[in-house]
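Me: I'd like to go through the labels on this one and see what backs each of them up. Can you take them in turn?

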Amino acid sequence: MGYRVMIVEDSPVLRAVMRRAVEQSGIGASMIREAGNGHEALAALEAEPVDLILLDLNMPVMDGFEFAREKAGRPAIASIPVVAVTTEGNRKKIDGLRSLGIEIFLRKPFAPQQLRDIVASLRTDRG
Amino acid sequence: MTVLTEAELTARVANTLDLLCLVQAHRVAESPQPCFEHHSRIGFRRADGGTGTVVLSATSGFLRQIATRLLQCGPSDADLASAGRSALDELANITGGEVVFLLGAEDDLFELGLPAAIDEVVEVGADGEAMRVVLSTGQGELAVAVSIDGELACIAHADGRGPRA
């Protein structure tokens with residue numbers, strides 16, 4: 001089975017940017033799925049997990065913080081690595097996400113190359 | 001330590017456009033007859049008190065340009081109008097995050113709202129302090145207006161003279 005990625009981001013334009021970054025990262029993603037908020041993402045992940053999640057934090061319906069808490073409590077998907085792509089710069093909030101297992105943060109604005117490099121390094125690390 | 005000044009705001013927005021859209025922008029004087037047709041607003045609130053807003057106003061030329069760059073599509077693409085709107089909202093989101101960061105959000109708890117399109121811009125700074133900068137990309141212009149209330153004005157001065165206490 002190939003490498004599967006989910007993009008959780010409410011902005012359609014940024015989803016397109018992130019999708020392109022994943023496609024150009026050289027990881028050979030076999031599937032890139034998209035969700036517009038955390039609620040959509042959880043439903044999709046329960047149906048079929050992925051290998052990597054790119055997560056926006058500031059979203060309507062269910063934001064990235066709530067998504068992270070929900071995900072951490074669901075054994076089937078709790079171990080999926082997450083890259084938080086966010087405008088958030090507050091130390092306390094970032095520390096809160098670390099306690100939920102999110103270790104990688106990419107602060108907006110980012111260059112697509114930065115996201116490509118992160119995705120590619122994760123693929124290399126985890127095989 | 002960075003502070004919220006017009007120069008810093010201009011630099012942050014120009015950096016966003018450069019990084020994300022590969023578009024070069026520089027500050028220009030406000031046109032006497034601006035034709036900003038598209039607006040997006042985002043609000044923020046500090047946990048210990050104080051609120052503010054960021055409003056982005058763009059010309060159609062600017063929106064077309066960033067949508068074309070972000071989606072890597074042709075200028076006649078049917079989705080360009082909606083993509084431009086979405087791009088402006090995302091720019092408002094990122095700019096809101098940058099403003100909050102400049103106001104000290106690394107240590108202070110701020111809640112950033114969600115960006116939303118608005119039809120027209122009311123006068124900024126009615127009950128606090130405000131700053132407004134206009135950037136040009138050559139193909140269009142983007143105006144960025146930041147308004148903060150009196151409590152936040154204590155930690156960031158719009159004239160750039162006084163940093164946080």
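**Cysteines, then the interface**

Me: What makes B:Cys21 buried?

Reply: Keep in mind that this is a predicted model. B:Cys21 has a relative accessible area of 2%, and buried means under 20%, so B:Cys21 counts as buried.

Me: Why is B:Cys35 too far from the closest cysteine sulfur for a bond?

Reply: A disulfide needs two cysteine sulfur atoms within 2.5 Å. The closest cysteine sulfur to that of B:Cys35 sits in B:Cys21, 19 Å away, so the pair is too far apart for a bond. Over all chains, the structure has zero disulfides.

Me: Why is H1(A) called roughly perpendicular to H3(B)?

Reply: Helix H1 of chain A (residues 12-23) and helix H3 of chain B (residues 80-102) have axes that cross at roughly 90 degrees and come within 7 Å. Angles of 65 to 115 degrees count as roughly perpendicular, so H1(A) gets that label against H3(B).

Me: Which residues meet there?

Reply: From H1(A) you get A:Pro12, A:Val13 and A:Leu14, and from H3(B) there are B:Ala83, B:Ser86, B:Ala87 and B:Glu90. Sorted by class, that contact has five nonpolar residues, one polar and one charged.

Me: How many residues does each chain bring to the whole contact, and what area do the chains bury?

Reply: Chain A brings 23 residues and chain B 28. Between them the chains bury about 2,100 Å², with 54% of it on carbon and sulfur atoms. On the chain A side, A:Val13, A:Asn58 and A:Pro109 supply 27% of the area buried against chain B, more than any other three residues.

Definitions and conventions: Residues numbered from 1 in each chain as written. Chains lettered and ligands numbered in written order. Predicted model: local features only at pLDDT ≥ 70, side-chain atom pairs only at ≥ 80, totals over all residues. Heavy atoms only, no water. Buried < 20%, exposed > 50% of the residue type's maximum accessible area, 1.4 Å probe, protein only. Axes fitted to C-alpha atoms, helices over the stretch in contact; angles between N-to-C directions. Helix = DSSP H or I, 4+ residues; strand = E, 2+ residues; numbered from the N terminus. Parallel < 35°, antiparallel > 145°, perpendicular 65-115°, else oblique. Contact = heavy atoms within 4.5 Å. Nonpolar A, V, L, I, M, F, W, Y, C, P; charged D, E, K, R; others polar. Buried area = accessible area lost by both parts, 1.4 Å probe.
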